[in-house]
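Trainee: I'd like a close look at one helix and whatever packs around it. Could you walk me through the geometry in some detail?

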Amino acid sequence: MAAQGVRPAFGWLAVSGCLLAMAQVDSDDTITTEEQIYLLLEAKIQCELNLTTQLQEGEGNCFPEWDGLICWPRGSLGKKMAVPCPPYIYDFNHKGMAFRHCSPNGTWDLVQGLNRTWANYSDCLRYLQPEISPGKREFFERLYIMYTVGYSMSFSSLAVAVFIIGYFRRLHCTRNCIHMHLFVSFMLRAASIFIKDKVVHTHIGVKELDSLLMSDLQSTAGAPAIDKSQYVGCKIVVVMFIYFLATNYYWILVEGLYLHSLIFVAFFSDTKYLWGFTLIGWGFPAVFVVAWAVVRATVADARCWELSAGAIKWIYQAPILAAIGLNFILFLNTVRVLATKIWETNAVGYDTRKQYRKLAKSTLILILVFGVHYIVFVCLPHTFTGLGWQIRMHCELFFNSFQGFFVSIIYCYCNGELEGLHIM
């Protein structure tokens with residue numbers, strides 16, 4: 001039973017795929033199906049030991065029993081029995097209560113029309129039930145539409161930009177070659193998000209829990225392992241999604257390194273370092289993504305790997321966060337140099353306001369190129385509730401999805417080298 005934690009709304013909306021695309025630190029760990037079954041088996045064994053003692057005491061009229069989730073104590077005639085939601089079920093609301101009713105004839109009430117004991121787990125399932133309030137539904141639908149439009153516009157504008165730079169020989173240079181790699185990484189990131197949204201069904205955790213509750217849990221816990229071959233396709237999709245996500249961050253880093261080198265390294269040979277930049281952009285992410293896939297397959301091979309599995313996520317999240325942090329440092333250093341040059345220019349009598357406008361314009365462009373918004377959103381607290389969180393989600397998904405579109409405008413459509421070029 002893989003966990004969905006405290007984010008139920010993302011189970012029924014494709015926004016969850018885009019949330020992972022932000023590569024932020026996930027604050028809640030998860031457990032695998034095998035680990036959850038092991039915890040259930042432990043609880044069952046402990047319950048059987050307790051049942052032996054309770055049967056000897058002989059208090060009450062409804063017999064104590066294990067129903068596959070909870071160890072129910074003896075019930076009193078005609079009274080409702082309330083027990084805390086079990087802490088060993090990861091997805092449950094552990095502050096809630098589960099209920100049964102002991103009938104006057106000394107048996108537990110049955111579900112009408114079914115030969116099964118009635119129990120009310122609705123309070124335990126509160127975190128798993130999709131939020132269907134109109135306000136929340138509209139909020140997630142807006143997010144879905146926004147990032148779908150954003151990634152679609154980014155993909156289309158980047159595809160045209162790649163064609164333009166690739167078509168004209170005059171534009172073939174190391175700088176534009178790096179730009180093309182960045183464009184392709186944005187395109188692959190957008191495509192992988194759309195594919196992942198279609199292939200990976202994030203609400204499967206709720207379905208699995210429902211099947212457990214509606215079936216004989218004792219036989220479920222003792223049943224052989226599920227055939228994992230059915231998940232091979234979606235696992236490949238998730239691995240490729242994380243890889244293209246990582247390559248996008250690292251090509252943004254390469255752009256920062258390239259610009260930084262042009263400014264600070266005298267006699268910089270961009271052609272000489274192109275292969276190194278290519279290895280950083282495409283090669284290094286492959287190393288830690290493959291490492292994550294191997295560890296995930298060995299330690300937590302559950303379902304489609306679309307949910308976090310504890311500390312394993314740091315195998316790919318740590319290098320991505322390192323790239324974001326390094327790029328932010330490069331951004332600050334580049335802005336510092338621009339500001340220094342402006343102060344030097346002001347010393348010879350230039351208009352101060354004009355120079356500051358030029359600095360503001362350059363800084364805004366650098367923010368989009370260096371992906372500075374990533375470090376801002378990573379540092380913000382993860383509350384997942386309230387108006388502040390909704391504003392943050394709109395801003396974060398907007399910048400993430402439209403960044404490729406903005407980058408194509410800066411590096412291609414506003415490129416002075418395009419002036420005078422005509423497609424024959």
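Trainee: Let's start with α4 and α7: is their crossing left-handed or right-handed?

Mentor: The crossing of α4 and α7 is left-handed, in the sense that the near helix is turned anticlockwise from the far one by less than a right angle (clockwise would be right-handed). Before we go on, keep in mind that this is a predicted model, where local features need pLDDT of at least 70, side-chain atom pairs count only at pLDDT 80 or more, and totals for chains, interfaces and linings use all residues. Residues are numbered from 1 along each chain as its sequence is written, and side-chain values use heavy atoms, with hydrogens and water left out.

Now the overall picture. The chain has 424 residues, and 46% of them are buried (under 20% relative accessible area, with exposed meaning over 50% and partly exposed in between, for a 1.4 Å probe and protein chains only). Its secondary structure amounts to twelve helices and four strands, taken as DSSP runs numbered from the N terminus (helices are H or I with at least four residues, strands E with at least two). If you take contacts (heavy atoms within 4.5 Å) between residues at least 6 apart in sequence, 73% of them link residues at least 24 apart.

Back to your pair. Helix α4 spans residues 174–199 and helix α7 spans residues 232–264; their axes come within 8 Å and cross at roughly 155°. Those axes are lines fitted to C-alpha atoms, for helices over the stretch in contact, and the angles run from 0 to 180 degrees between N-to-C directions. That angle makes α4 roughly antiparallel to α7, since over 145 degrees counts as roughly antiparallel, under 35 as roughly parallel, 65 to 115 as roughly perpendicular and the rest as oblique. Sorted by class, the contact of α4 with α7 holds 18 nonpolar, seven polar and four charged residues. Here nonpolar covers Ala, Val, Leu, Ile, Met, Phe, Trp, Tyr, Cys and Pro, charged covers Asp, Glu, Lys and Arg, and polar takes the others, Gly among them.

For a single residue to click on, try Ser 192, which sits in α4. Ser 192 counts as buried, at 7% relative accessibility. Setting aside neighbours within four places in sequence, Ser 192 is in contact with Phe 241 and Phe 244.

Next, turn to α12. The axes of α4 and α12 come within 10 Å, again crossing at roughly 155°. So α4 is roughly antiparallel to α12 as well, and α4 passes α12 in a left-handed crossing. From α4, the contact uses His 179, Leu 182, Phe 183, Phe 186 and Arg 189; from α12, it uses Asn 400, Gln 403, Gly 404, Val 407, Ser 408, Tyr 411 and Cys 412. By class, the α4 and α12 contact residues come out as six nonpolar, five polar and one charged.

Cys 412 deserves a stop. This residue lies in α12 and counts as buried, at 1% relative accessibility. Although Cys 412 and Leu 158 are 254 residues apart in sequence, they are 8.9 Å apart in space, C-alpha to C-alpha.

Ile 410 also has its place in α12. At a relative accessible area of 21%, Ile 410 is partly exposed. Leaving out residues up to four places away in sequence, Ile 410 touches Ile 365, Leu 368, Val 369 and Asn 415. Take Ile 365: its C-alpha atom is separated from that of Ile 410 by 7.6 Å, with their positions 45 residues apart along the chain.

Then there's another partner of α12. Helix α11 (residues 372–379) packs with helix α12 (residues 386–413) at an angle of about 155°, their axes 11 Å apart. α11 and α12 are therefore roughly antiparallel to each other, and α11 passes α12 in a left-handed crossing. On the α11 side, His 373, Tyr 374 and Phe 377 meet Arg 392, Cys 395, Glu 396, Phe 399, Asn 400 and Gln 403 in α12. The residues of that contact split into four nonpolar, three polar and two charged. Asn 400 and Gln 403 are worth highlighting, as they meet α11 and also take part in the contact with α4.
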